Amino acid sequence: MAQSKRSFNQARLERDLDDRIVPKGTYRDALNISIDTSEDANVGVIENLKGNELIANQSITGLSSSTNANAKVIGSCAHPEGNRIYYFVTGDKSDGIFEHNLKDNTVKTIIIDSSDFVASSPTKVVLPTFAFSDAVVTATVTKDGTIGVSATLGTVFSLTPDFGASVSTNTTRVIQAQVTVPAGYSNTGKFVTGTVTATQAAIAAPVVNILDCTNITATGVTLNAEYTNDSAGVTAIGFYYKANTGGSTTVTNFTNEFVIRSLSGRSANLSSGAPLWTDPFEGVAASDLTVKDKDGTTITSSQYDYQNLAGPQPNTIYFKSNLGTVDQVHAKLPITVSQTSTGATVSNALTAAQVQSSGTNAAVTPITSPFSKAITGLSASTTYAVVAYATNSVGTTLSSIKYFTTTASAINRPTADKLFIVPAISESAVENRNVGYGDFLKGDGNYYIQTVTGASSGLLSDSPASEDQITYSATGPSTVTFTDHGGVTGAKNDSKQIQASGLSTGFYNITASRSGYTSSTIQIKVGSPSNANRQSIFTPNITSTGSGTTPILGHVTDVGAGLSYNAGSSAAPTAVFKIGPFESSVSGTVFIPLQTSTPGPIDTLPTFSGFDASKLDISISGKTNGVDYTATIWDLGPALFGVLPCIMVECNPNTLNGGTASVTHTLNITYNY
């Protein structure tokens, strides 16, 4: 019989045509072939496939005729990546899924379903029942009674509501919890319940540490503190302070010290992160150190190494093992390192309880840690004791006591050997009666001046014992004549009059002299000279702190006895406080008296009882005292002011005004009770 050799290069099955007319490159039927082709292509490559192979001698239950009559494959699924084929088999006795491993040519049972099938290992998977103990539930209770639960398996929540209250002693709490059973158990999706216990810790009072006092001045200080271990919620914080009197112990107060609050191992860096421990501690020798733990016990020099490094390198201290273990050293915190030579003995030292019971309470808001409070109205050169406190539901905790000493008064008082020329009282009761301020030119068209001086004690005195001891002189466009001006009791308070008639237009420089004294120079202006005029006007803004009476401007409401000034029934001045108008190179002076009492009947002068110059703060908005102007406090003003303190402002108006002809400045006057 002749052989027919044909190629099937089209790799296409063609069954629509009679097999006698099938085109070349196609085929009528095929077995055990694979056609590889691209998507949507109508041609491809034919490859032979391997045929089926009998795997004998497997003795697999469910596949043999003895265990599953009429068993046949009803489907299969290839797993090329794993070199496995999965067969889905059905038979008279059982149905199952089997895996054929092509690598080792073995077959094993994946799953089988048979009412009378008993597998050798095991016959079927029996899921366990999930119990509450399987969840491994744990619970916590915070100090305020809030419950927290967690579980290793399943989702858990507490059936017991929060206790919502603190306890004074550690208390065991019983919490009922419910767990949602996770997947993989016979009771999956159901709930199991049980109880667990937890300890609710007792609340405690906060721990309060008082920190270094800062910004210490003659009349004020900033107090600083912090609280920790706040387990119950702090409801109040603040300080108690008082002048250190009435105590029975003696302590040493150091002005240069540093408090170590944390350590790295046994070491402490005394500079890093401690801005108060910088230049003041540079050059301090090891022999000049006092080191104490939180209980006030001295740590000897044999128990630490101290390094004082020059330049920007920080000073350091390292505690030795003979002080204790790391934990024992940490337990001694805070440790205070002080410069011994700055210590001052504090006698009659108070206890913290004494400061609390009789001191001033300075509460702080908002409640936060750390906290600070600026204190004003203190006395100069005075040692104060201060404690910090924090309060919660347990009670109030006091810190250890700390002492600070206010600085000496920085009061700028008048120069004792200087004469000051100021405007004087008017010649007429109905004219401008402003002593020490206002204009030199009065309503009658003449000029009136008066000269006062500071006493050798540094306090203001009246004019010298006799006005005849003072010599006045003037330079200007024409001759100036100084004449006595009567009408004021006591010759030493008389003013000098300069007749305006006959004077040429221009500025006149006026000076006064007396043996042992120097004089300021002022100017009087006649007419409208073409020279540049400069004047500074001051608006007093008087306030006070504390509980005392806010001072008012000194004034006499009656006009009798020739002593009236700032006349009127109101505390508001009737005159303008000003210096000038002067030429740009000339300075001047103005007095501003203060009082607290309103004067009584005629000839009764006002007073300021208990005036303390150290409690007076003076400033000009936007200007610097000692640079743009000088403010001086006079504990007792000129006699014509009565027994009143005065503020004297000296300035060159051109300098204070920044070159502007006339400027009104706010003079802030604060009295700190």
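**Figure 1. Asn83 is placed in the loop between S5 and strand S6 (84–90).** The model is predicted, with local features needing pLDDT of at least 70 and side-chain atom pairs counting only at pLDDT 80 or more, while totals for chains, interfaces and linings use all residues. Residues are numbered from 1 along each chain as its sequence is written, and side-chain values use heavy atoms, with hydrogens and water left out. Strands (E, at least two residues) and helices (H or I, at least four) are DSSP runs numbered from the N terminus. Although Asn83 is not a glycine, its phi is positive, at about 55°. Asn83 counts as partly exposed because its relative accessible area is 42%, a class that falls between buried (under 20%) and exposed (over 50%), with a 1.4 Å probe and protein chains only. Asn70, in the loop between strand S4 (45–48) and strand S5 (72–79), also has a positive phi, near 60°. With a relative accessible area of 60%, Asn70 is exposed. Most residues other than glycine have a negative phi, and most peptide bonds are trans.

**Figure 2. Two cis peptide bonds precede prolines, one at Ser369 and Pro370 and one at Gly580 and Pro581.** Between Ser369 and Pro370, omega is about 0°, and Pro370 sits in the loop that runs between strand S25 (360–364) and strand S26 (371–375). Between Gly580 and Pro581, omega is about 10°, and here the proline, Pro581, belongs to strand S41.

**Figure 3. The second largest cavity has a volume of about 50 Å³.** A cavity is a set of points, on a 1 Å grid over the protein atoms alone, where a 1.4 Å probe fits but cannot get out, whereas a pocket is an open set with protein on both sides within 12 Å along at least five of seven lines; lining residues have an atom within 4 Å of a point. Grid points are joined across faces, edges and corners, and a volume is the space filled by probe spheres set on the points. By this rule there are three cavities of 30 Å³ or more. The second largest of them is lined by Pro423, Gly438, Phe440, Lys578, Ile579, Gly580, Phe582, Gly588 and Thr589. Strand S41 (577–582) and strand S42 (588–595) are the elements that give two or more residues to this lining, and S41 gives the most, with four residues. By class, the lining has four nonpolar, four polar and one charged residues, where Ala, Val, Leu, Ile, Met, Phe, Trp, Tyr, Cys and Pro count as nonpolar, Asp, Glu, Lys and Arg as charged, and the others, Gly among them, as polar.

**Figure 4. The largest pocket holds about 1,200 Å³ of space.** Its lining is made of 37 residues, of which Glu257, Val259, Thr336, Ile401 and Lys402 are the closest to the centre of the pocket. Two or more lining residues come from each of strand S14 (207–210), strand S17 (249–254), strand S18 (257–260), strand S20 (289–292), strand S23 (335–339) and strand S29 (402–405). The lining of the largest pocket divides into 15 nonpolar, 14 polar and eight charged residues.

**Figure 5. Gln178, in strand S12 (residues 171–180), and Asn652, in the loop between strand S45 (646–651) and helix H3 (653–656), are shown with their contacts.** Gln178 counts as buried because its relative accessibility is 16%. Leaving aside residues up to four places away in sequence, Gln178 touches Thr155, Val156, Phe157, Leu159, Phe191, Val192 and Thr193, a contact meaning heavy atoms within 4.5 Å. Asn652, at 13% relative accessibility, counts as buried. With residues up to four places away again set aside, Asn652 touches Ser584, Ser585, Val586 and Ser587. Although Asn652 and Ser584 are 68 residues apart along the chain, their C-alpha atoms are separated by 7.4 Å.

**Figure 6. The largest nonpolar core contains 45 residues.** Such a core is a set of buried Ala, Val, Leu, Ile, Met, Phe, Trp, Tyr and Cys residues joined through side-chain atoms within 4.5 Å. Ile498, Ile510, Ile524, Phe538 and Leu616 touch the most other members. Not counting residues up to four places away in sequence, Ile498 touches Asn446, Tyr447, Val480, Thr481, Phe482, Leu503, Ile510 and Ile524. A second core, separate from this one, has 21 residues, among them Val234, Ala362, Phe371 and Ala390.
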